[in-house]
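Good morning, colleagues. I would like to take a few minutes to walk you through a structure that is new to many of us. Please have a look at the display before I begin.

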Amino acid sequence: MSDTQLTVTFDGGGIDDARAVVRALEGVFGAPGDLPADEGATVRTATFDTPDAPRADAAPAAGGSLSAPVTVTVQGTPQAVEAASETLARAFGARDEGAASGDQERERQLRLVP
């Protein structure tokens, strides 16, 4: 493992929706360092330590279904963001809402639907 992180921010849906998204990503990134936990929060975050070469072709873990649309922002290395985006698109209905790239980091926003 490297010391690189993938940060996933959730907006919309409930705590169970955020946890379903985290479970879907665990097949590629393993267990997160922290889980979305606050029942009353409107924005939740999970952080994964990422492998040097995350496998975008790994099957998503069984994440479950969503009860409401969720906007997910993934931020990290280009490889990690691409792997997370592809995994979420396979696990849920997803629409790309935009991306931003920096020198060594990328950010992408996806709208996941039930």
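**Surface, fold and core**

The accessible surface of the protein comes to about 5,700 Å², and 44% of that surface belongs to carbon and sulfur atoms. I should say at once that this is a predicted model. The protein has 114 residues, of which 39% count as buried.

Let me turn to the fold. The secondary structure consists of 2 helices and 5 strands. Read from the N terminus, the elements follow the order β-α-β-β-α-β-β. As for contacts between residues at least 6 apart in sequence, 71% of them join residues at least 24 apart.

Next, the sheet. The 5 strands form an open sheet with the order E2-E1-E3-E5-E4, and the pairing is antiparallel. E2 and strand E4, residues 93–101, are at the edges with a single partner strand each, so one side of each is left without a neighbour in the sheet. From one strand to the next, the twist averages 20 degrees. As a general reminder, strands of a sheet pair through backbone hydrogen bonds, either parallel or antiparallel. Here, E1 and E2 pair in the antiparallel sense over 7 bridges, and Phe10 stands opposite Arg44 in E2.

How do the helices sit relative to these strands? H1 lies across E1, E2, E3 and E5, and runs at about 15 degrees to E2. H2 packs on the sheet as well, where it touches E1, E3, E4 and E5, and its direction makes about 5 degrees with that of E5.

H1 deserves a closer look. At 1.5 Å a residue, its 15 residues should span 21 Å, and the end C-alpha atoms of H1 are 20 Å apart, which agrees. Its buried residues include Ile15, Ala18, Val22, Leu25 and Phe29. The buried residues of H1 pack against strands E1, E2, E3 and E5 and against helix H2. Just after H1, Gly30 takes a positive phi of about 80 degrees.

Finally, which aromatic rings pair, and how are they arranged? The structure holds 1 aromatic pair. The ring centres of Phe29 and Phe48 are 5.8 Å apart and their planes are at 45 degrees, so the pair is tilted. This pair links distant parts of the chain, with Phe29 in helix H1 and Phe48 in strand E2, 19 residues apart. Phe29 counts as buried at 2% relative accessibility, and Phe48 counts as buried at 0%.

Thank you for your attention.

Technical notes: Residues are numbered from 1 along each chain as its sequence is written. This is a predicted model: local features need pLDDT of at least 70, side-chain atom pairs count only at pLDDT 80 or more; totals for chains, interfaces and linings use all residues. Side-chain values use heavy atoms; hydrogens and water are left out. Rings of Phe, Tyr and Trp (its six-membered ring) pair if their centres lie within 6.5 Å; planes under 30 degrees apart count as stacked, over 60 as edge-to-face and the rest as tilted. Helices (H or I, at least four residues) and strands (E, at least two) are DSSP runs, numbered from the N terminus. Buried means under 20% relative accessible area, exposed over 50%, partly exposed in between (1.4 Å probe, protein chains only). Contact means heavy atoms within 4.5 Å. Accessible areas come from the Shrake-Rupley method with a 1.4 Å probe; for residues, only the protein chains shown count as cover. The expected span of a helix is 1.5 Å times one less than its number of residues. Two strands pair if DSSP finds at least two bridges between them. Axes are lines fitted to C-alpha atoms, for helices over the stretch in contact, and angles run from 0 to 180 degrees between N-to-C directions.
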